[in-house]
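This report describes selected side-chain and backbone features of one protein–ligand model. The sequence and coordinates are displayed below for reference.

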Amino acid sequence: MTDQGSSDVTARTTGAALVTGAGGGLGREIARALAARGTTVVASDIDVDRVRETAQLITAEGGRAHAVRVDVTDPASAAEAVALAVDVAGPLSALVNNAAIYASIRRAPFAEITVEEWDRVMAVNLRGPWVMAVAARDALTEGGRIVNISSATVFSGSAEWAHYVASKAGVIGLTRVLARELGPRAITVNAVAPGFTLTEASYDLIENADTYGVARSALQRPARPEDIVGAVLYLTGPDSAYVTGQTLVVDGGRQFI
Ligand SMILES: NC(=O)c1ccc[n+]([C@@H]2O[C@H](COP(=O)([O-])OP(=O)(O)OC[C@H]3O[C@@H](n4cnc5c(N)ncnc54)[C@H](OP(=O)(O)O)[C@@H]3O)[C@@H](O)[C@H]2O)c1
């Protein structure tokens with residue numbers, strides 16, 4: 001399904017971007033920021049009601065947005081979502097792979113993670129971006145952009161989170177391969193690796209979320225989604241045309257890689 005938004009910003013529209021996991025949290029803020037820049041946003045999520053809210057919010061803010069349901073683990077669903085996105089918004093200038101399983105992951109020592117839980121995490125967090133890239137490949141314009149949301153936890157490791165950390169490390173590897181394969185079409189593929197960020201999901205995950213990790217960061221304050229979106233705007237914008245295969249860590253200087 002799609003829901004169509006309307007606005008008065010057609011004149012400054014800069015292509016169409018498909019954002020996954022845009023029903024809330026970081027994905028919603030990325031969608032809002034892209035729309036504020038004039039991009040037509042196709043906000044997608046497995047939860048269609050939440051992604052409709054995102055599209056309505058963007059429309060109320062004067063942007064152009066559509067809501068599309070997608071299950072990123074499912075190639076048929078991904079293909080359908082991309083087809084609908086192109087139908088309502090035109091060829092894609094950007095794909096932002098933000099959807100993931102995060103707060104609902106059962107943390108456990110690596111030897112106690114069940115195969116089912118391992119596969120559940122990998123299916124969304126690693127298969128998902130690949131499935132979406134396959135689905136979007138022909139819909140992306142020459143000079144288009146893919147941004148994959150990884151995590152800064154890849155560089156520090158995080159005990160009892162082997163499945164999540166490995167999935168997000170895999171996203172960085174996938175990013176590099178896609179950069180090589182899509183480079184001839186001038187399509188750039190980069191990853192953004194946020195540090196711990198105060199989304200609704202993070203409050204579900206960590207009891208003392210407001211202070212978690214702050215003392216170890218150079219900037220000595222927690223990250224909000226608005227702190228992360230600038231990296232996505234840069235990597236989907238005109239100033240990053242010669243940047244590809246990279247991973248941009250956005251964690252307030254908690255670690256330097
Ligand atoms: N917040 C942080 O501290 C942090 C740090 C580093 C990296 N990240 C990454 O940043 C991204 C956003 O995180 P967040 O904090 O905003 O978490 P979030 O709110 O849980 O965002 C993830 C979104 O993906 C959706 N989703 C889950 N499975 C899906 C599927 N099969 N198909 C389509 N959509 C699906 C979720 O829907 P449901 O809620 O319905 O499952 C949710 O709306 C994730 O990739 C996360 O790993 C977050």
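## Ligand surroundings

In this predicted model, the side chain of K168 places an N or O atom 2.8 Å from an oxygen atom of the ligand. R50 also approaches a ligand oxygen, with a polar side-chain atom at 3.2 Å. S202 faces a nitrogen atom of the ligand instead, and a polar atom of the S202 side chain lies 3.1 Å from that nitrogen. The ligand exposes 870 Å² when taken alone, and the protein buries 87% of this area.

The ligand is surrounded by 28 residues, of which D45, N98, Y164, T197 and T199 are the closest. Two residues of the ligand surroundings, S202 and D45, are treated in more detail below.

## S202 in helix α7

S202 belongs to helix α7. Its relative accessible area is 1%, so S202 is classed as buried. Beyond the neighbours within four places in sequence, S202 is in contact with Y102, F196, T197 and A209. T197 is also listed among the residues closest to the ligand, while Y102 and F196 each take part in the aromatic pairs described further on.

For comparison of sequence and spatial separation, S202 and D138 are 64 residues apart along the chain, and their C-alpha atoms are 35 Å apart.

## Strand β3: S44 and D45

Strand β3 spans residues 40–45 and includes S44; D45 is found in this strand as well. S44 has a relative accessible area of 0% and is therefore buried. D45, at 9%, falls under the 20% limit and so is also buried.

Leaving aside neighbours within four places in sequence, the contacts of S44 are L18, V19, T20, G21, A22, G23, V51, V68 and V70. On the same basis, D45 is in contact with G21, A22, G23, V51, V68, R69 and V70. The side chain of D45 also has a polar atom 3.0 Å from the backbone nitrogen of D47. Computed from C-alpha to C-alpha in the model, D45 and G27 are 9.2 Å apart in space, with their positions 18 residues apart in sequence.

## Aromatic pairs

The structure contains four aromatic pairs. In one of them, the ring centres of Y102 and W161 are 6.1 Å apart; their planes meet at 40 degrees, so this pair is tilted. Y102 is located in the loop between β5 (92–97) and α4 (115–136), and W161 in the loop between α5 (153–156) and α6 (162–182); the pair therefore ties together parts that are 59 residues apart in sequence. Both Y102 and W161 are buried. Ring pairs join Y102, W161 and Y164 into a cluster, and Y164 is one of the residues closest to the ligand. R107 lies over the face of W161, 4.3 Å from the ring centre.

F196 and Y212 form an edge-to-face pair, with 4.8 Å between the ring centres and 70 degrees between the planes. This pair also links distant parts of the chain, with F196 in the loop between β7 (188–194) and α7 (200–205) and Y212 in the loop between α7 and α8 (225–236), 16 residues apart. The burial of the two partners can be stated separately: F196 has 18% relative accessibility and so counts as buried, whereas Y212, at 30%, counts as partly exposed.

## Residues with positive phi

Most residues other than glycine have a negative phi. E160 is not a glycine, yet has a positive phi of about 65 degrees. E160 is found in the loop between α5 and α6, which is also the loop that holds W161. With a relative accessibility of 40%, E160 counts as partly exposed.

A186 likewise has a positive phi of about 65 degrees without being a glycine. A186 lies in the loop between α6 and β7. The relative accessible area of A186 is 39%, so this residue is partly exposed.

Key:
Residues numbered from 1 in each chain as written. Predicted model: local features only at pLDDT ≥ 70, side-chain atom pairs only at ≥ 80, totals over all residues. Heavy atoms only, no water. Phe/Tyr/Trp six-rings, centres within 6.5 Å; stacked < 30°, edge-to-face > 60°. Helix = DSSP H or I, 4+ residues; strand = E, 2+ residues; numbered from the N terminus. Buried < 20%, exposed > 50% of the residue type's maximum accessible area, 1.4 Å probe, protein only. Lys NZ or Arg CZ within 6 Å of the ring centre and 35° of its normal. Contact = heavy atoms within 4.5 Å. Near = heavy atom within 4 Å. Polar contact = N/O pair within 3.5 Å; in protein donor to acceptor, adjacent residues only side chain to side chain. Areas by Shrake-Rupley, 256 points an atom, 1.4 Å probe, with all protein chains shown as cover.
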